[in-house]
Amino acid sequence: MRAVLRKVARRLPLDAGEMERLHRYVRELRSADPQGFALLCETYGEALEGEYGFSLDGVEAGRGELLAHLLQHPGLVEELAREPQPLEAFPPRLRPYLASEFGGRVTAAQVQDLLAWVRELEKPKELPMARKGDAVLVYEEGNPGKETGLEAHFQRVARLPFVTRLVSVRYLRRGKASADRFEVRGDDCLSGVFTHRDKSIYYLVYLTEADADKAGQACRLLNWLFCDGREGETHGVRET
């Protein structure tokens, strides 16, 4: 890694293999060596975030962020349809994820499921309309750091354009959920479950429109993005 870090210090371009190695190194250091991770942030943090798009606050980019970017850049969608796109065609924040998932370039075939959702989201009758401004995040007792990972999870969900408000409610009274999931609670509201270690947290997701069909479609998309495609089966999550 020393050779890669020397290039980072000089803010030199990294190829796909170097980006993948760096991504793996940062991820492992964050989880296994907090002191080493703190030193890495102090030494290389500005370059890692500014030049290479690494999230040092723990909010890693993923499918949701890539989908949001494709929605906001229809020209890139058209370019992908014509030919593979290099990592440089995407913002720095997305590049570690892209390098890890797809290597040195992104093809339409690799992201065809995302492109299908782009087409769905472009149909105003399919999903709730895009919000104006930022989504509001509300945590019980006003404490976003109460559970590790919850704030990062909320920030990722909030990047979807039809989410207006996220509100954490409580721990599940029946203990840890069998799986994270989203379910429709009303025409403009979904419920969600986020699990960390031995605890599951119940929260609400408010949408930009009150429409039962659109709420169902939004629920399906969130399950696909964040819960491995689960359709939101009921496992005690509807307790009140």
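**A walk through the helices and aromatic rings**

Hi everyone. Let me start with the rings: Tyr-139, Phe-154, Phe-182, Tyr-203 and Phe-226 come together as one aromatic cluster. Please keep in mind that what you see is a predicted model.

How many aromatic pairs are there in the whole structure? A search finds five. One of them joins Tyr-97 and Phe-102, in an edge-to-face arrangement with 6.2 Å from centre to centre and 80° between the planes. If you wonder about those two values, a pair of aromatic rings is described by the distance of the centres and the angle of the planes. And are these two residues buried or exposed? Both Tyr-97 and Phe-102 are buried.

Now let's step back for the overall picture. The protein has nine helices and seven strands. Of its 240 residues, 47% are buried. Looking at contacts with a separation of 6 or more, 65% are between residues 24 or more positions apart.

On to the helix packing, beginning with H1, residues 2-9, and H3, residues 34-52. Their axes come within 9 Å and cross at roughly 70°. An angle from 65 to 115 degrees counts as roughly perpendicular, so that is how H1 lies relative to H3. The crossing of these two helices is left-handed. Which residues make the contact? On the H1 side you can find Leu-5, Lys-7, Val-8 and Ala-9, and on the H3 side Leu-40, Tyr-44, Ala-47, Leu-48 and Tyr-52. Sorted by class, this contact of H1 with H3 has eight nonpolar residues, one charged residue and no polar ones.

While Leu-40 is on the screen, have a look at Arg-30 too. The two residues are 10 apart along the chain, and their C-alpha atoms are separated by 9.5 Å. Arg-30 belongs to helix H2, which covers residues 16-32. Its relative accessibility is 23%, so Arg-30 counts as partly exposed.

My last stop is a second helix pair, H4, residues 63-72, with H9, residues 212-226. Here the axes are 9 Å apart and the packing angle is about 125°. H4 and H9 are therefore oblique to each other. Where do they meet? Arg-63, Gly-64 and Leu-67 of H4 touch Leu-221, Trp-224 and Leu-225 of H9. By class, the contact of H4 with H9 has four nonpolar residues, one polar and one charged.

That's my tour. Thanks for listening, and I'm happy to go back to any of these spots.

Notes:
Residues are numbered from 1 along each chain as its sequence is written. This is a predicted model: local features need pLDDT of at least 70, side-chain atom pairs count only at pLDDT 80 or more; totals for chains, interfaces and linings use all residues. Side-chain values use heavy atoms; hydrogens and water are left out. Helices (H or I, at least four residues) and strands (E, at least two) are DSSP runs, numbered from the N terminus. Buried means under 20% relative accessible area, exposed over 50%, partly exposed in between (1.4 Å probe, protein chains only). Axes are lines fitted to C-alpha atoms, for helices over the stretch in contact, and angles run from 0 to 180 degrees between N-to-C directions. Angles under 35 degrees count as roughly parallel, over 145 as roughly antiparallel, 65 to 115 as roughly perpendicular and the rest as oblique. A crossing is left-handed if the near helix is turned anticlockwise from the far one by less than a right angle, and right-handed if clockwise. Contact means heavy atoms within 4.5 Å. Ala, Val, Leu, Ile, Met, Phe, Trp, Tyr, Cys and Pro count as nonpolar, Asp, Glu, Lys and Arg as charged, and the others, Gly among them, as polar. Rings of Phe, Tyr and Trp (its six-membered ring) pair if their centres lie within 6.5 Å; planes under 30 degrees apart count as stacked, over 60 as edge-to-face and the rest as tilted.
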